[in-house]
Amino acid sequence: MPAESAAGQAGPTTAPALGAAELDALEAHWRAACYLSAGQLYLRANPLLRTPLEPAHIKPRLLGHWGTCPGLNLVHTHLNRIISAWRRPTVCIWGPGHGAPAVLANSWLEGSYSELYPDVTRDEAGMDRLFAQFSSPGGVPSHVAPQTPGSLHEGGELGYSLAHAYGAALDNPDLLVACVIGDGEAETGPLAASWHGNKFLDPLHDGAVLPILHLNGYKIANPTVSARMPREELDRLLRGYGHDPLYVRGTEPRDVHEAMARAMDTAMERIAGIQNAARDAGLGERPRWPVIVLETPKGWTGPATVDGVPVEGTWRSHQIPLAGVREDPARRRELAEWLLSYRPEELFDERGAPRDQVLACVPHGELRLGASPYANGGLHTRELPLPRLERFAVPVPGPGRSRHSPTEVLAGLLADLVAATAERRDFRVVGPDETASNRLQELYRATGKTWQEAVLPVDEHLDRHGRVMEVLSEHLCQGWLEGYVLTGRHGVFSCYEAFVHIVDSMAAQHIKWLKTAAALPWRRPVPSLNYLLTSHVWRQDHNGFSHQDPGFVDHILNKSPDVVRVYLPPDANTLLSVCDHVLRSRDYVNVVVAGKHPCFDWLSLEEARAHCARGAGIWSWAGSGETGREPDVVLACAGDVPTREILAAAALLREQLPELAVRVVNVVDMTRLLPREEHPHGMPDHEFDALFTRDRPVVFAYHGYPWLVHRVAYRRAVHDQLHVRGYKEMGSTTTPFDMVVRNDMDRFRLVMDVVDRVPGLAPRAAAVRQRMADARSRHHDWIREHGEDLPEIADWEWQPSSPGPSGESGRQRTDAAGGSA
């Protein structure tokens, strides 16, 4: 089949893009990469087939994916040509990440692999190691992974490549981000949404994204939708997304090289034109960025048939096109014929090193795709100019004497941070359509919302150069921020707590990436990915049951303890302290859960810093009757609403049962509850026992699902005495206090739990328990008649037991256990 040109017409329509020598060199490089890709799938020895293949030369387990490799090799070869010609820093996101043999082959050819792994030399011995280690125990994975030079995206789970590409391009004005999208990946929801990334790309301040949609026709066992669509329909789809498509199609390699070169040249000229227009004269309308549609056979140049059944150009070439090679001499001959069809003697010299012609198109130094510092983002990371927290901290005349919206207070810090990074542009806030809803609207005094489409007079805060990014796709928010932090910049993902679950799988993949990358000495630490989860489960007054799900914390705490952190600050100043910490951190996924509605202020900034550094501590000022003896009961809490209810319960106990010794413990860092051997922040047993005791009842009010606390604390001595209240899927559109009543986490139920669980207390406190039950019944009737909470609940304030030494509400220094910062 003759190749189609960039214009989509059969055959060349203009002068050839390539001279004969350049075409020969590109074709040689591509053949070498295909040879190395196939070799990795099959060979553990005899890499250049200098002797006939024997069973010992073949891997005992054939694992990997061949079908996408020839197309990826073609893209890599032509990116080399473009980078050499334009001398433009470039990274490539390999959406079909299971095509790792291709990416590894190309990094070995260009020399970046041997620089990072000196034992894999660029000669026959190194080729032998390259082959033997692929998808083998103790070797390298079968997917593009952190171990792969030049990678910042693993394509094991499909759908995220284009979002990552746009995230990498943001605020990197000189960077070209090529993104290969497999036609199977193009069927996913996240990828479909990602085509809209061009509406958020600022040609003045951002780099360029060049999507390359690779149509090779098949997934594992089925055709792909986009490859079977009528060409006109696919063209209309891409143009409807706002792209300007260029087409490359063919089966004859030299013709495809010619067409690909022309398409790449055209794409680069259009990109340069768009960026020059924006940077020289200003650009008023959103540009139409190019996209290349590359159509080549699946398993191209591999075995055409096996036992008379078509393989090349079908789903059968997706993984291992020739099976049984180790056992079957006929299959080994077929493998040898396939590998020798690339004419390796023309590509590698007598030492096994690539010949000069093979390397003629390869750029040098950091321009090589495998050596790009943009793909090792820690090399570019700078410390954020975080402002002093004293500028934003709220005054606290005493515990519970004032109220503030935690996220509204935090918004002041974030706005100043955006302003302080206005020139360097390395901090962004992303989220669905919720910045103002989450009380972060003060950000708009420092920047607008990124927007490249039309702006109407009724619109507010839209800005072509803004650094708040809102789009109603959590997948895009997550993908953008991952691409942004992996290339060395900083950010926050603000989201409704219930709907962050949409990116559960993406978060898991990012955590896996960070865990693996941290073990590689050449990978530099990158800024953490920070979630701010608000509009949380306990305050969905008008949204109701659909907006109630605190389980993202459970999902995160199942993941690698070296990477994950979870914080539940109980008030505005602790939120400031926690966010100051997470924005300075590296190589973590930090989850911060905080309310947006006004809540009580409990700690001054100084006390908040100390408390957050400890991660968990005793609030002595909130307890009662504990002087000189162990507590009769421990009231523990994690989260802003649980903290309020625990303190209200403590106040009721002080009033109703003054002889009872009550200790109040607040937990900010949930990982402190884990054993030290299970998490770096975990408490040794002696510290945990000092806080919670070994044998006294513990009534714990927790923000999320109660069984999480049981799970993390199950090995502790006090576990049999641990009783946890939290969310148990009892939700509705109702009053704030009714939410905690429905889930049995209200102050009255907590007092009843104390009466039930402190040994010997129930007989002498039966009247107290009855009063608490009556209060719950009175609440039930009141809200149905009046539609709002009881006045004693709505107007409740913390009352100190006695004035402290400074006259400030009886506040004492908090006792503590350990440190977690």
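The domain assignment divides the protein chain of this predicted model into domain 1 (4-375), domain 2 (380-599) and domain 3 (615-794). Domain 1 and domain 2 touch through a contact that takes 39 residues from domain 1 and 33 residues from domain 2, and the centres of these two domains, taken over C-alpha atoms, are separated by 35 Å.

**Strand β3 and its partners**

Strand β3, which spans residues 208-215, has 8 of its 8 residues buried and is therefore largely enclosed by the rest of the structure. In a regular strand the side chains alternate between the two faces of the sheet. In β3 both faces are covered, since the buried residues comprise Ala208, Leu210, Ile212 and His214 on one side and Val209, Pro211, Leu213 and Leu215 on the other.

Which strands pair with β3? Strand β2 (residues 176-182) runs parallel to β3 and is joined to it over 7 bridges, with Leu176 standing opposite Ala208 of β3. Strand β5 (residues 289-295) is also parallel to β3, here through 4 bridges, and in this pairing Leu213 stands opposite Val293 of β5. The connection from β2 to β3 involves helix α7 (residues 189-194), and these three elements make up a right-handed β-α-β unit.

**Helix α6**

Helix α6 (residues 161-169) is mostly covered, with 9 of its 9 residues buried; these are Ser161, Leu162, Ala163, His164, Ala165, Tyr166, Gly167, Ala168 and Ala169. The elements that cover the buried residues of α6 include β2, α7 and β3, together with β1 (90-94), β4 (243-249) and α14 (474-486). The β-α-β unit formed by β2, α7 and β3 thus contributes to the cover of this helix. Just after α6, Asp171 adopts a positive phi of about 60 degrees.

**Arg288, ahead of strand β5**

Arg288 lies in the loop that connects α10 (253-281) with β5, and it is partly exposed, with a relative accessible area of 40%. Which residues does Arg288 contact, leaving aside its neighbours within four places in sequence? They are Arg239, Gly242, His243, Asp244 and Ile274. Two of these contacts involve backbone oxygens reached by the side chain of Arg288: that of Arg239 lies at 2.8 Å, and that of His243 lies at 3.0 Å. The C-alpha atom of Arg288 is separated by 36 Å from that of Asp587, a residue 299 positions away along the chain.

**Loop residues with positive phi**

Asn46 and Arg439 each have a positive phi in a residue other than glycine, as the table sets out together with the loop that holds each residue and its relative accessible area.

| Residue | Phi | Loop | Relative accessible area |
|---|---|---|---|
| Asn46 | near 55 degrees | between α1 (20-42) and α2 (69-86) | 11%, buried |
| Arg439 | near 65 degrees | between β9 (427-431) and β10 (449-450) | 24%, partly exposed |

Asn46 counts as buried because its relative accessible area of 11% falls under the 20% limit, whereas Arg439, with 24%, lies between the limits of 20% and 50% and is therefore partly exposed.

**Thr735 in a loop of domain 3**

Thr735 is found in the loop between β22 (722-725) and α22 (736-742), and it is buried, with a relative accessible area of 9%. A polar atom of the Thr735 side chain lies 3.1 Å from the backbone nitrogen of Asp738. When neighbours within four places in sequence are left aside, Thr735 is in contact with His779, Ile783, Gly787, Glu788 and Asp789.

**Cysteines**

How many disulfides does the structure hold? The number is 0. Cys495 takes part in no disulfide, and the nearest cysteine sulfur, which belongs to Cys477, is 7.3 Å away; Cys495 is moreover buried, with a relative accessible area of 0%. For Cys599, the closest cysteine sulfur is that of Cys637, and because the separation is 12 Å, the two sulfurs are too far apart for a bond. Cys599 likewise counts as buried, at 14% relative accessibility.

Key: Residues are numbered from 1 along each chain as its sequence is written. This is a predicted model: local features need pLDDT of at least 70, side-chain atom pairs count only at pLDDT 80 or more; totals for chains, interfaces and linings use all residues. Side-chain values use heavy atoms; hydrogens and water are left out. Buried means under 20% relative accessible area, exposed over 50%, partly exposed in between (1.4 Å probe, protein chains only). Helices (H or I, at least four residues) and strands (E, at least two) are DSSP runs, numbered from the N terminus. Two strands pair if DSSP finds at least two bridges between them. A crossover is right-handed if, with the strands pointing away from the viewer, the path from the first strand over the helix to the second runs clockwise. Contact means heavy atoms within 4.5 Å. A polar contact is a pair of N or O atoms within 3.5 Å; within protein, one must be able to donate a hydrogen and the other to accept it, and residues adjacent in sequence count only if both atoms are side-chain atoms. A disulfide is a pair of cysteine sulfur atoms within 2.5 Å. Domain bounds come from an automatic or database domain assignment.
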